[in-house]
Amino acid sequence: MYVYRLASILDDLERIKSIDGDGMRNHLGRLPEFCEDAIERADKLEIPSLVKVSEDLSIQYTRPKKIIVAGMGGSAIGGSILKDWLRETLPIPIEVPRSYTLPAYADRDTLVFAVSYSGNTEETLRCFLEALERRCMIIATTSGGMLQEYCHGIGIPMVRLPEGYPPRSALPYLLLPLATSLRKLGVTLSLDGELEEAIAVLREVVEEVKPDTPVSKNPAKEVALGLEGYIPLIIGSGFYESVALRMKTQFNESSKTPAKTEVFPELNHNMMVGWTERRDLTGKFSVILLRDQQEPDEIRERIEATRSLVLDEGAARVMEIWSRGRGKLARMLSTLYVGDYASFYLAILYGVNPTPIPVINEMKRRLEKAGNKRALRKKYKKLTTG
Ligand code: PA5
């Protein structure tokens, strides 16, 4: 009876609209379109061969030997997805430090992507300035803010994003321009029609997961129903690590719930032990396994053995999301898209507006009061005036 009542909430379009007061459902539905627009915007990017920052500081753009993606939260996840997507084909290392500082190896041969949807994230701005100091090549991706001012001020190449979206809804803009920029700098990426395929697959998925597809045929609504009242534990393997992380953050921000990730095969070396005795604690988790028809045999065996050894008994529920498509990007984004919608429906079940993130904004307000931005402006001025 209870489950039936919950299911009927997810098929009540008027109720969905009234809870989703800021229209997250509209942004979600536009993901395939955002992918196309992101590619178009990035195609227009012009990368100079030299940027003169001041009399004694200039940056030379050549083929990079290392890549760093500087960003936080919704603006960093594109970097993690890029890293997982390209890790078997990209001939150079890529790191996403999610930090105030760059790794020690950052130098003239390093490309630093400074990614901040708002353009005002202090960790990213600090990394930008550090990258300038170290003469790294910099490409920015932003919709405005201080990051845009910095770029315009000295001619750093920048992909301008449309304004007005929550960063997490703008994922294609924070991911795809990175791949385009790498190609423009001469890094060989064998993508082999992957972008086109991914967009086509996302168009199919959205038909299945959108609000007017009823619970009986909607895998994202089904997942949300299985999570209601429990802590989502998302388990990925291989290149699904970043997808699992994206899902966790979507449950955090849109559904306003704690959530956790684990990854195969690492979890077989620690997490499992914590799942053998304390059913009172593990029973608070509802598990989502990210699955792939092409997953290697050794991973499949681990997933099945882990299910029977600890998960089926220990968790409140174990669910699976299977990827779609042939190329890696399509498989990653199709899985992620079901998670995005599941986090939206879980918010609806909890009666919370998926869009606002007041506590993140409050945190940023408090830090701003501490005068950190003033210090950044000062440093920028010092660096650019020589
Ligand atoms: O989802 C969010 O709003 C956050 O995770 C932000 O992305 C994060 O705080 C960084 O801000 P920005 O994306 O504007 O750089």
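A salt bridge is a side-chain nitrogen of Lys or Arg within 4 Å of a carboxyl oxygen of Asp or Glu. In this predicted model, the side chains of Glu-149 and Arg-377 form such a pair, with an N to O distance of 3.2 Å. Glu-149 belongs to helix α7 (residues 145-154) and Arg-377 to helix α17 (residues 372-385), so the bridge ties together parts that lie 228 residues apart in sequence. Over the whole structure, the search finds 31 salt bridges.

## Domains and their interface

The protein chain is divided into two domains, each assembled from two segments: domain 1 covers 2-25 + 193-350, and domain 2 covers 48-184 + 365-385. Taken over C-alpha atoms, the centres of domain 1 and domain 2 are 30 Å apart.

The size of an interface is often expressed as the accessible area lost when the parts come together. Here, domain 1 and domain 2 bury about 1,500 Å² between them, and carbon and sulfur atoms account for 61% of that area. On the domain 1 side 17 residues take part in the contact, and on the domain 2 side 14 residues do so.

Polar interactions also cross this interface. Nine residue pairs are in polar contact there, counting pairs in which both residues have pLDDT 80 or more. The side of domain 1 that touches domain 2 draws at least two residues from each of α9 (194-209), α11 (241-253) and α15 (328-350). Of these helices, α11 supplies the largest share, six residues. By character, the residues on this side of domain 1 comprise eight nonpolar, four polar and five charged.

Two salt bridges are found across the interface of domain 1 and domain 2. Elsewhere in this account of charged pairs, Glu-253 and Arg-168 deserve mention: their side chains meet in a salt bridge at 3.5 Å, N to O.

## Ligand surroundings

The residues around the ligand are Met-72, Gly-73, Gly-74, Ser-75, Ser-116, Tyr-117, Ser-118, Thr-121, Pro-167, Glu-253, Ile-357 and Lys-364. Glu-253 is thus one of the residues surrounding the ligand, and its side chain also takes part in the salt bridge with Arg-168. The table lists three side chains that place a polar atom by a ligand oxygen.

| Residue | Distance from a polar side-chain atom to a ligand oxygen atom |
|---|---|
| Ser-116 | 2.6 Å |
| Ser-118 | 2.6 Å |
| Thr-121 | 2.5 Å |

## Backbone features

Most residues other than glycine have a negative phi, and most peptide bonds are trans. Two places in this model depart from that pattern. The peptide bond from Phe-264 to Pro-265 is cis, with omega near 0°. Pro-265 is located in the loop between β9 (260-264) and α12 (271-274). Arg-135, although not a glycine, has a positive phi of about 60°. Arg-135 sits in the loop between α6 (122-133) and β6 (137-142).

Methods. Residues numbered from 1 in each chain as written. Predicted model: local features only at pLDDT ≥ 70, side-chain atom pairs only at ≥ 80, totals over all residues. Heavy atoms only, no water. Domains from an automatic or database assignment. Contact = heavy atoms within 4.5 Å. Buried area = accessible area lost by both parts, 1.4 Å probe. Polar contact = N/O pair within 3.5 Å; in protein donor to acceptor, adjacent residues only side chain to side chain. Helix = DSSP H or I, 4+ residues; strand = E, 2+ residues; numbered from the N terminus. Nonpolar A, V, L, I, M, F, W, Y, C, P; charged D, E, K, R; others polar. Near = heavy atom within 4 Å.
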